[in-house]
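Subject: Structure handover

Hi,

Here is the model I promised to pass on. Have a look at it first, then read my notes underneath.

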Amino acid sequence: MKKILSFLSGFSALFLTTLVFAQEHAGMAGGSGTGTIAIGAALAIGLAALGGTLGQGKAAAAALEGIARNPGAASKVQTPMILGLALIESLVLASWAIAYLLLGKI
């Protein structure tokens, strides 16, 4: 299964680079580097969403594990967990805003 997944990810990377080069050629008529800004904005959104999702998953898993071990500490664990999840989500939203501003430069 790992071999199939790595093959598909490599194949998709090769396919997407071909599309990027084709888009850059089309974008050069309107201005220089517009395709690069769009790709950068898309990567920023994707990586921020991936990192935020992984961080929120780990935070929630750790909090639930702590509550499962000591149910009496649920009220003490819940507030910092929600605060941490909100801060992680704010970073994702900040990257979305930056990517949106980058797209405004096209």
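Leu43 sits in helix H2, which covers residues 34–69. With a relative accessible area of 52%, Leu43 is exposed, because the cut-off for that class is over 50%. One caveat before I go on: this is a predicted model.

Leu43 also has company on the outside. Together with Ile39, Leu47, Leu50 and Leu54, Leu43 makes up a nonpolar surface patch, and the accessible area of the five adds up to about 500 Å². There is a long-range link to note here as well: the C-alpha atoms of Leu43 and Ala99 are 8.9 Å apart, although their positions lie 56 residues apart along the chain.

Now the overall layout. How many helices and strands does the chain have? The count is three helices and zero strands, and the order along the sequence reads α-α-α. The chain has 106 residues, and 10% of them are buried. About 8,100 Å² of the chain is exposed, with carbon and sulfur atoms supplying 75% of that area. As for contacts with a separation of 6 or more, 72% of them join residues 24 or more positions apart.

Another pair that is distant in sequence involves Ala60, which is also a helix H2 residue. Ala60 and Ile82 are 22 residues apart in sequence, and their C-alpha atoms are 8.8 Å apart in space. Ala60 has a relative accessibility of 23%, so it counts as partly exposed.

Next, a residue on the inside. Ser95 belongs to helix H3, residues 74–103. Is Ser95 buried or exposed? Its relative accessible area is 15%, and the cut-off for buried is under 20%, so Ser95 is buried. Leaving aside residues up to four places away in sequence, Ser95 touches Ala44, Ile45 and Ala48. A polar atom of the Ser95 side chain also lies 2.7 Å from the backbone oxygen of Val92.

On to charges. Searching the whole structure turns up one salt bridge. Which residues form the salt bridge? The partners are Arg69 and Glu65, and their closest N and O atoms are 3.1 Å apart. Both are in helix H2, and because they are four residues apart there, about one helical turn separates them. Arg69 counts as exposed, at 67% relative accessibility, while Glu65 counts as partly exposed, at 43%.

The aromatic side chains give a count of one pair. The ring centres of Trp96 and Tyr100 are 5.6 Å apart and the ring planes meet at 20°; the cut-off for stacking is under 30 degrees, so this pair is stacked. The spacing repeats the theme of the salt bridge: Trp96 and Tyr100 are four residues apart in helix H3, which means about one helical turn between them. Trp96 is partly exposed, with a relative accessible area of 48%, and Tyr100 is exposed, with 56%.

If you want a place to start in the viewer, try Ser95 with Ala44, Ile45 and Ala48, the residues it touches, and then turn to the patch that includes Leu43 and Leu47.

Cheers

Technical notes. Residues numbered from 1 in each chain as written. Predicted model: local features only at pLDDT ≥ 70, side-chain atom pairs only at ≥ 80, totals over all residues. Heavy atoms only, no water. Helix = DSSP H or I, 4+ residues; strand = E, 2+ residues; numbered from the N terminus. Buried < 20%, exposed > 50% of the residue type's maximum accessible area, 1.4 Å probe, protein only. Polar contact = N/O pair within 3.5 Å; in protein donor to acceptor, adjacent residues only side chain to side chain. Contact = heavy atoms within 4.5 Å. Patch = residues over 30% accessible without salt bridge, like charges linked within 9 Å, V, L, I, M, F, W, Y side chains within 5 Å. Areas by Shrake-Rupley, 256 points an atom, 1.4 Å probe, with all protein chains shown as cover. Salt bridge = Lys/Arg side-chain N within 4 Å of Asp/Glu carboxyl O. Phe/Tyr/Trp six-rings, centres within 6.5 Å; stacked < 30°, edge-to-face > 60°.
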